[in-house]
Amino acid sequence: MAIGNNIKQLRLNRGITQEQLAEQLHLTGQAVSKWENQTALPDITCLPLLADFFGVSIDELMDYKLNSLTNKERFVKFMVGNGILEIKNSELKCGKTSFYYINSEKFVTNTQIAKIGEYFADCIRENHIEFDVIMGMAYHGISFSAATACSLFQKYGLTVNYCHDRKVKDSRGRSLCGYTLQDGDRVIIIDDLISSGQTLIERIKEIRKMAEIEIAAIVVIADRMIPEESSEKTGSALLEERYHTKVYSIITDTDIQKYISDVGL
(Lines give C-alpha, C1' and ligand atoms only; values in the text may rest on other atoms or scores of the structure.)
Protein backbone atom coordinates (compact mmCIF):
# COMPACT_ATOMS: atom_id res chain seq x y z
CA MET A 1 0.00 0.00 0.00
CA ALA A 2 2.47 2.62 -1.21
CA ILE A 3 -0.23 5.27 -1.13
CA GLY A 4 -0.28 5.19 2.68
CA ASN A 5 3.45 5.90 2.85
CA ASN A 6 3.09 8.60 0.22
CA ILE A 7 0.31 10.36 2.13
CA LYS A 8 2.38 10.25 5.30
CA GLN A 9 5.47 11.70 3.63
CA LEU A 10 3.50 14.41 1.83
CA ARG A 11 1.78 15.32 5.09
CA LEU A 12 5.10 15.54 6.94
CA ASN A 13 6.58 17.64 4.13
CA ARG A 14 3.66 20.03 4.50
CA GLY A 15 4.23 20.15 8.26
CA ILE A 16 0.69 19.27 9.35
CA THR A 17 -0.77 16.67 11.70
CA GLN A 18 -3.07 13.79 10.81
CA GLU A 19 -5.92 15.70 12.41
CA GLN A 20 -5.23 18.80 10.31
CA LEU A 21 -5.21 16.75 7.10
CA ALA A 22 -8.39 14.99 8.17
CA GLU A 23 -10.06 18.36 8.79
CA GLN A 24 -9.27 19.43 5.22
CA LEU A 25 -10.96 16.28 3.95
CA HIS A 26 -13.87 16.41 6.43
CA LEU A 27 -12.81 13.08 7.90
CA THR A 28 -11.50 11.86 11.26
CA GLY A 29 -7.87 11.67 12.27
CA GLN A 30 -8.40 7.95 12.75
CA ALA A 31 -9.12 7.53 9.02
CA VAL A 32 -5.84 9.22 8.08
CA SER A 33 -4.01 7.14 10.68
CA LYS A 34 -5.35 3.93 9.11
CA TRP A 35 -4.13 5.02 5.67
CA GLU A 36 -0.64 5.80 6.95
CA ASN A 37 -0.48 2.58 8.98
CA GLN A 38 -1.54 0.72 5.83
CA THR A 39 -4.56 -0.92 7.45
CA ALA A 40 -7.00 0.80 5.11
CA LEU A 41 -7.07 2.60 1.75
CA PRO A 42 -8.61 6.01 1.01
CA ASP A 43 -12.00 5.92 -0.64
CA ILE A 44 -11.73 6.65 -4.35
CA THR A 45 -13.64 9.90 -3.85
CA CYS A 46 -10.84 11.13 -1.56
CA LEU A 47 -8.11 10.75 -4.16
CA PRO A 48 -8.86 13.96 -6.12
CA LEU A 49 -9.11 15.89 -2.83
CA LEU A 50 -5.78 14.51 -1.58
CA ALA A 51 -4.05 15.17 -4.91
CA ASP A 52 -5.38 18.72 -5.04
CA PHE A 53 -4.42 19.46 -1.44
CA PHE A 54 -0.82 18.26 -1.90
CA GLY A 55 -0.44 19.74 -5.39
CA VAL A 56 0.26 16.43 -7.14
CA SER A 57 -1.58 14.34 -9.71
CA ILE A 58 -3.53 11.24 -8.69
CA ASP A 59 -0.95 9.15 -10.55
CA GLU A 60 1.82 10.75 -8.52
CA LEU A 61 -0.17 10.18 -5.33
CA MET A 62 -0.57 6.49 -6.13
CA ASP A 63 3.10 5.95 -6.93
CA TYR A 64 4.75 9.14 -5.79
CA LYS A 65 8.54 9.38 -6.08
CA LEU A 66 9.46 11.63 -3.19
CA ASN A 67 12.53 13.09 -4.82
CA SER A 68 11.34 13.04 -8.43
CA LEU A 69 10.16 16.64 -8.52
CA THR A 70 10.84 19.57 -6.23
CA ASN A 71 8.10 22.15 -5.62
CA LYS A 72 9.80 24.48 -8.08
CA GLU A 73 10.02 21.75 -10.74
CA ARG A 74 6.37 20.91 -10.18
CA PHE A 75 5.47 24.55 -10.68
CA VAL A 76 7.46 24.76 -13.94
CA LYS A 77 5.68 21.59 -15.07
CA PHE A 78 2.32 23.21 -14.25
CA MET A 79 3.26 26.34 -16.22
CA VAL A 80 4.51 24.40 -19.26
CA GLY A 81 1.57 22.01 -19.16
CA ASN A 82 -0.89 24.90 -19.25
CA GLY A 83 0.89 26.67 -22.10
CA ILE A 84 1.77 29.62 -19.87
CA LEU A 85 5.53 29.06 -19.98
CA GLU A 86 6.80 28.83 -23.56
CA ILE A 87 10.39 27.86 -24.32
CA LYS A 88 11.29 30.32 -27.05
CA ASN A 89 13.49 33.36 -27.50
CA SER A 90 11.64 36.55 -26.64
CA GLU A 91 12.52 40.23 -26.41
CA LEU A 92 11.96 41.90 -23.05
CA LYS A 93 10.78 45.45 -22.39
CA CYS A 94 14.28 46.36 -21.22
CA GLY A 95 15.64 45.44 -24.68
CA LYS A 96 17.31 42.20 -23.68
CA THR A 97 16.33 38.70 -24.78
CA SER A 98 15.23 35.67 -22.80
CA PHE A 99 15.14 31.97 -23.68
CA TYR A 100 11.58 31.65 -22.37
CA TYR A 101 8.33 33.58 -22.37
CA ILE A 102 5.72 33.66 -19.63
CA ASN A 103 2.37 34.54 -21.12
CA SER A 104 0.22 35.68 -18.22
CA GLU A 105 -2.70 36.14 -20.62
CA LYS A 106 -3.08 32.35 -20.67
CA PHE A 107 -4.33 32.23 -17.08
CA VAL A 108 -7.87 31.87 -18.39
CA THR A 109 -9.62 29.34 -16.14
CA ASN A 110 -10.62 29.48 -12.50
CA THR A 111 -8.55 26.34 -11.90
CA GLN A 112 -5.38 28.02 -13.20
CA ILE A 113 -5.97 31.19 -11.20
CA ALA A 114 -6.74 29.19 -8.05
CA LYS A 115 -3.56 27.17 -8.52
CA ILE A 116 -1.31 30.21 -8.93
CA GLY A 117 -2.94 31.78 -5.87
CA GLU A 118 -2.10 28.67 -3.88
CA TYR A 119 1.55 28.78 -4.98
CA PHE A 120 1.78 32.43 -3.94
CA ALA A 121 0.08 31.71 -0.60
CA ASP A 122 2.44 28.79 0.06
CA CYS A 123 5.43 31.02 -0.68
CA ILE A 124 4.20 33.65 1.79
CA ARG A 125 3.58 31.09 4.53
CA GLU A 126 6.76 29.09 3.96
CA ASN A 127 8.87 32.24 4.26
CA HIS A 128 7.01 33.45 7.39
CA ILE A 129 6.39 36.91 5.93
CA GLU A 130 4.69 39.26 8.38
CA PHE A 131 2.32 41.73 6.72
CA ASP A 132 -0.90 43.73 6.98
CA VAL A 133 -2.02 44.02 3.36
CA ILE A 134 -1.90 42.01 0.12
CA MET A 135 -1.62 44.34 -2.89
CA GLY A 136 -1.78 43.37 -6.57
CA MET A 137 0.00 45.36 -9.26
CA ALA A 138 -1.94 46.20 -12.42
CA TYR A 139 -2.65 44.40 -14.46
CA HIS A 140 -1.82 40.70 -14.13
CA GLY A 141 -1.00 41.06 -10.46
CA ILE A 142 -4.64 41.96 -9.76
CA SER A 143 -6.05 38.48 -10.37
CA PHE A 144 -2.98 36.78 -8.88
CA SER A 145 -3.20 38.78 -5.66
CA ALA A 146 -6.96 38.22 -5.33
CA ALA A 147 -6.39 34.47 -5.74
CA THR A 148 -3.57 34.65 -3.18
CA ALA A 149 -5.77 36.42 -0.64
CA CYS A 150 -8.51 33.81 -1.14
CA SER A 151 -6.03 30.94 -0.82
CA LEU A 152 -4.60 32.39 2.41
CA PHE A 153 -8.11 32.20 3.86
CA GLN A 154 -9.23 28.90 2.37
CA LYS A 155 -5.98 27.01 2.97
CA TYR A 156 -4.54 28.71 6.06
CA GLY A 157 -7.56 30.38 7.68
CA LEU A 158 -6.02 33.87 7.47
CA THR A 159 -8.15 36.99 7.09
CA VAL A 160 -6.08 39.76 5.46
CA ASN A 161 -6.62 43.22 4.01
CA TYR A 162 -6.59 43.32 0.23
CA CYS A 163 -6.29 45.99 -2.45
CA HIS A 164 -5.04 46.36 -5.99
CA ASP A 165 -3.42 49.03 -8.10
CA ARG A 166 -5.68 50.74 -10.67
CA LYS A 167 -2.85 52.38 -12.64
CA VAL A 168 -5.49 54.69 -14.16
CA LYS A 169 -7.45 56.71 -11.60
CA ASP A 170 -11.22 56.30 -11.43
CA SER A 171 -13.77 59.14 -11.65
CA ARG A 172 -13.17 59.95 -7.98
CA GLY A 173 -9.42 60.16 -8.43
CA ARG A 174 -8.70 56.87 -6.66
CA SER A 175 -5.67 54.82 -7.68
CA LEU A 176 -6.43 51.76 -5.55
CA CYS A 177 -9.42 49.46 -5.19
CA GLY A 178 -10.25 47.72 -1.94
CA TYR A 179 -8.56 48.43 1.38
CA THR A 180 -7.46 52.04 2.03
CA LEU A 181 -3.77 52.10 2.87
CA GLN A 182 -2.65 53.60 6.18
CA ASP A 183 0.74 54.97 7.22
CA GLY A 184 2.88 52.14 8.57
CA ASP A 185 1.02 49.31 6.80
CA ARG A 186 3.26 46.38 5.91
CA VAL A 187 2.39 45.51 2.33
CA ILE A 188 3.13 42.39 0.29
CA ILE A 189 3.21 43.29 -3.39
CA ILE A 190 2.12 40.56 -5.81
CA ASP A 191 3.12 40.74 -9.49
CA ASP A 192 3.95 38.40 -12.34
CA LEU A 193 7.58 39.12 -13.31
CA ILE A 194 10.61 41.16 -12.31
CA SER A 195 13.14 42.18 -14.96
CA SER A 196 14.89 45.49 -14.35
CA GLY A 197 12.49 46.43 -11.53
CA GLN A 198 12.01 49.97 -12.87
CA THR A 199 8.28 49.62 -13.61
CA LEU A 200 7.61 48.46 -10.06
CA ILE A 201 9.72 51.28 -8.61
CA GLU A 202 7.59 53.83 -10.47
CA ARG A 203 4.34 52.27 -9.24
CA ILE A 204 5.53 52.13 -5.62
CA LYS A 205 6.53 55.79 -5.85
CA GLU A 206 2.96 56.70 -6.82
CA ILE A 207 1.41 54.46 -4.17
CA ARG A 208 3.56 55.97 -1.43
CA LYS A 209 1.98 59.34 -2.18
CA MET A 210 -1.20 57.93 -0.63
CA ALA A 211 0.36 56.47 2.52
CA GLU A 212 3.83 55.90 3.95
CA ILE A 213 3.70 52.12 3.61
CA GLU A 214 6.41 49.58 4.36
CA ILE A 215 7.14 47.01 1.64
CA ALA A 216 7.05 43.80 3.67
CA ALA A 217 7.93 41.69 0.63
CA ILE A 218 7.60 41.49 -3.14
CA VAL A 219 6.41 38.11 -4.43
CA VAL A 220 6.41 37.25 -8.14
CA ILE A 221 6.06 34.24 -10.40
CA ALA A 222 9.54 34.59 -11.84
CA ASP A 223 12.64 36.68 -11.26
CA ARG A 224 14.51 37.11 -14.53
CA MET A 225 17.59 38.22 -12.56
CA ILE A 226 18.60 40.74 -15.24
CA PRO A 227 21.42 43.09 -14.16
CA GLU A 228 20.91 46.84 -14.52
CA GLU A 229 23.59 48.21 -16.86
CA SER A 230 24.40 51.21 -14.65
CA SER A 231 24.96 49.20 -11.46
CA GLU A 232 25.26 45.57 -12.64
CA LYS A 233 22.73 44.67 -9.94
CA THR A 234 19.65 42.63 -10.79
CA GLY A 235 16.22 44.23 -10.66
CA SER A 236 15.34 42.22 -7.57
CA ALA A 237 18.57 43.28 -5.84
CA LEU A 238 17.80 46.94 -6.58
CA LEU A 239 14.30 46.57 -5.17
CA GLU A 240 15.57 44.88 -2.02
CA GLU A 241 18.18 47.59 -1.48
CA ARG A 242 15.82 50.49 -2.20
CA TYR A 243 12.95 49.31 0.01
CA HIS A 244 14.86 47.31 2.64
CA THR A 245 12.76 44.32 1.79
CA LYS A 246 12.99 40.84 0.32
CA VAL A 247 11.99 39.70 -3.16
CA TYR A 248 10.62 36.18 -3.38
CA SER A 249 9.95 34.37 -6.64
CA ILE A 250 8.24 31.03 -7.11
CA ILE A 251 10.81 30.22 -9.82
CA THR A 252 13.92 31.79 -11.36
CA ASP A 253 15.75 31.44 -14.69
CA THR A 254 17.91 28.79 -13.03
CA ASP A 255 14.89 26.68 -12.06
CA ILE A 256 13.51 26.85 -15.60
CA GLN A 257 16.88 25.97 -17.14
CA LYS A 258 17.25 22.98 -14.83
CA TYR A 259 13.79 21.68 -15.67
CA ILE A 260 14.39 22.08 -19.41
CA SER A 261 17.67 20.19 -19.08
CA ASP A 262 16.16 17.41 -16.96
CA VAL A 263 13.18 16.71 -19.23
CA GLY A 264 14.97 17.45 -22.51
CA LEU A 265 12.73 20.24 -23.81
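Buried means under 20% relative accessible area, a cut-off that helps with the close-ups below, all taken from a predicted model.

**View 1. Glu-73 pairs with Lys-258 across a long stretch of sequence.** The two side chains form a salt bridge, with their closest N and O atoms 2.9 Å apart. Glu-73 sits in helix H6 and Lys-258 in helix H11 (residues 253-263), which puts them 185 residues apart. At a relative accessible area of 9%, Glu-73 falls under 20% and so counts as buried. Lys-258, at 44%, is partly exposed.

**View 2. Phe-75 and Tyr-119 meet edge-to-face.** Here the ring centres lie 4.6 Å apart and the planes make an angle of 70°. Phe-75 belongs to helix H6 (residues 71-81) and Tyr-119 to helix H7 (residues 110-126), with their positions 44 residues apart. Both residues are buried. Phe-78 joins in too: ring pairs link Phe-75, Phe-78 and Tyr-119 into a cluster.

**View 3. Phe-107 and Phe-144 make another edge-to-face pair.** Their ring centres are 5.0 Å apart, and the planes are at 70°. Phe-107 lies in the loop between strand E4 (101-102) and H7, while Phe-144 is in helix H8 (residues 140-156), so the pair ties together parts 37 residues apart in sequence. Phe-107 and Phe-144 are both buried.

**View 4. Lys-233 reaches Glu-241 in a salt bridge.** The N to O distance is 2.4 Å. Lys-233 is partly exposed, at 33% relative accessible area, and Glu-241 is partly exposed as well, at 47%.

**View 5. Glu-86, Lys-88 and Lys-106 share a network of salt bridges.** The whole structure has 14 salt bridges.

How values were computed:
Residues numbered from 1 in each chain as written. Predicted model: local features only at pLDDT ≥ 70, side-chain atom pairs only at ≥ 80, totals over all residues. Heavy atoms only, no water. Phe/Tyr/Trp six-rings, centres within 6.5 Å; stacked < 30°, edge-to-face > 60°. Helix = DSSP H or I, 4+ residues; strand = E, 2+ residues; numbered from the N terminus. Buried < 20%, exposed > 50% of the residue type's maximum accessible area, 1.4 Å probe, protein only. Salt bridge = Lys/Arg side-chain N within 4 Å of Asp/Glu carboxyl O.
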